[in-house]
Amino acid sequence: MAELPVFRWYLAPDGYATRRQLRARGLRPGGQGVAAQLERPRRRGGPLVAYLYRIDCAKPVRPMTPARWAALAKANAARRRCPACRRDAGYVIPTSLGTCVPCAYPGPHGPDGST
């Protein structure tokens with residue numbers, strides 16, 4: 001495997017971009033490998049590394065189809081449903097709790113919190 005070119009932070013030549021920069025332009029790496037890397041030195045630990053891809057080899061982002069929109073909506077709805085009480089919490093259930101807040105911290109009047 002050939003050694004990757006390494007550039008200092010903010011000193012990458014034109015024609016290279018990170019994944020986020022490609023996405024901002026409506027592009028994706030498109031199967032190409034990492035072309036170069038940026039390194040930012042730190043006082044402790046190893047340097048921060050960002051991988052760069054060639055812009056000329058990047059492909060356009062695939063458009064969302066109706067089926068993909070439906071799958072995304074279903075996945076987001078599942079993240080809002082409490083596994084304990086099976087209700088839509090109205091927000092994404094925190095993974096640290098695993099249930100909605102009323103189920104995780106039931107009040108003296110039960111999980112509903114009503115008097």
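Which backbone oxygen lies 3.3 Å from a polar atom of the side chain of Q32? The point is taken up first below, and the remaining points follow the chain and its pocket.

1. The model discussed here is predicted. The backbone oxygen in question belongs to P29, and a polar atom of the Q32 side chain lies 3.3 Å from this oxygen. Q32 itself sits in a loop, with β3 (27–28) on one side and β4 (36–40) on the other.

2. Is Q32 buried or exposed? Q32 is buried, because its relative accessible area is 17% and the cut-off for burial is under 20%. Leaving aside residues up to four places away in sequence, Q32 touches Y53, R54, C57 and A58.

3. Two of those partners of Q32, Y53 and A58, also belong to the largest nonpolar core. This core has 6 residues in all, and A17, L22, L27 and I55 complete the set. From within the core, L22 makes contact with A17, L27, Y53, I55 and A58, and it also touches R28 and P29; residues up to four places away in sequence are not counted here. P29 thus appears twice in this account, as a contact of L22 and as the residue whose backbone oxygen lies 3.3 Å from a polar atom of the Q32 side chain.

4. The largest pocket deserves separate mention. About 220 Å³ of space lies in it. Its lining is formed by 15 residues, and those nearest the centre are A12, T18, Q21, L38 and L52. Sorted by class, the lining comprises 10 nonpolar, 3 polar and 2 charged residues.

5. G26 occupies the loop that runs between α1 (19–24) and β3. With a relative accessibility of 33%, G26 counts as partly exposed, because this value falls between the limits of 20% and 50%. Its contacts, again without residues up to four places away in sequence, are K59, P60 and V61. G26 and Y53 are 27 residues apart along the chain, and 14 Å separates their C-alpha atoms.

6. P5 belongs to the segment before β1 (6–8). This residue is likewise partly exposed, with a relative accessible area of 33%. Beyond residues up to four places away in sequence, P5 touches A35, A36 and Q37. The C-alpha atoms of P5 and G98 are separated by 44 Å, and the two residues are 93 apart along the chain.

7. R62 is placed in the loop between β6 (59–60) and α2 (66–80). Is R62 buried or exposed? R62 counts as exposed, because its relative accessibility is 56% and the limit for exposure is over 50%. Apart from residues up to four places away in sequence, R62 touches R28 and R68; R28 is also a contact of L22. From R62 to P5 the C-alpha distance is 29 Å, with their positions 57 residues apart in sequence counted as a separation.

8. T99 lies in the loop that links α2 with α3 (101–104). T99 is buried, with a relative accessible area of 17%. Which backbone nitrogen does the side chain of T99 reach at 3.4 Å? The nitrogen is that of A104. A104 is also listed among the residues that T99 touches, together with C82, P83, A84, I93 and P94, when residues up to four places away in sequence are left out.

Notes: Residues are numbered from 1 along each chain as its sequence is written. This is a predicted model: local features need pLDDT of at least 70, side-chain atom pairs count only at pLDDT 80 or more; totals for chains, interfaces and linings use all residues. Side-chain values use heavy atoms; hydrogens and water are left out. On a 1 Å grid over the protein atoms alone, a cavity is a set of points where a 1.4 Å probe fits but cannot get out, and a pocket is an open set with protein on both sides within 12 Å along at least five of seven lines; lining residues have an atom within 4 Å of a point. Grid points are joined across faces, edges and corners, and a volume is the space filled by probe spheres set on the points. Ala, Val, Leu, Ile, Met, Phe, Trp, Tyr, Cys and Pro count as nonpolar, Asp, Glu, Lys and Arg as charged, and the others, Gly among them, as polar. A nonpolar core is a set of buried Ala, Val, Leu, Ile, Met, Phe, Trp, Tyr and Cys residues joined through side-chain atoms within 4.5 Å. Buried means under 20% relative accessible area, exposed over 50%, partly exposed in between (1.4 Å probe, protein chains only). Contact means heavy atoms within 4.5 Å. Helices (H or I, at least four residues) and strands (E, at least two) are DSSP runs, numbered from the N terminus. A polar contact is a pair of N or O atoms within 3.5 Å; within protein, one must be able to donate a hydrogen and the other to accept it, and residues adjacent in sequence count only if both atoms are side-chain atoms.
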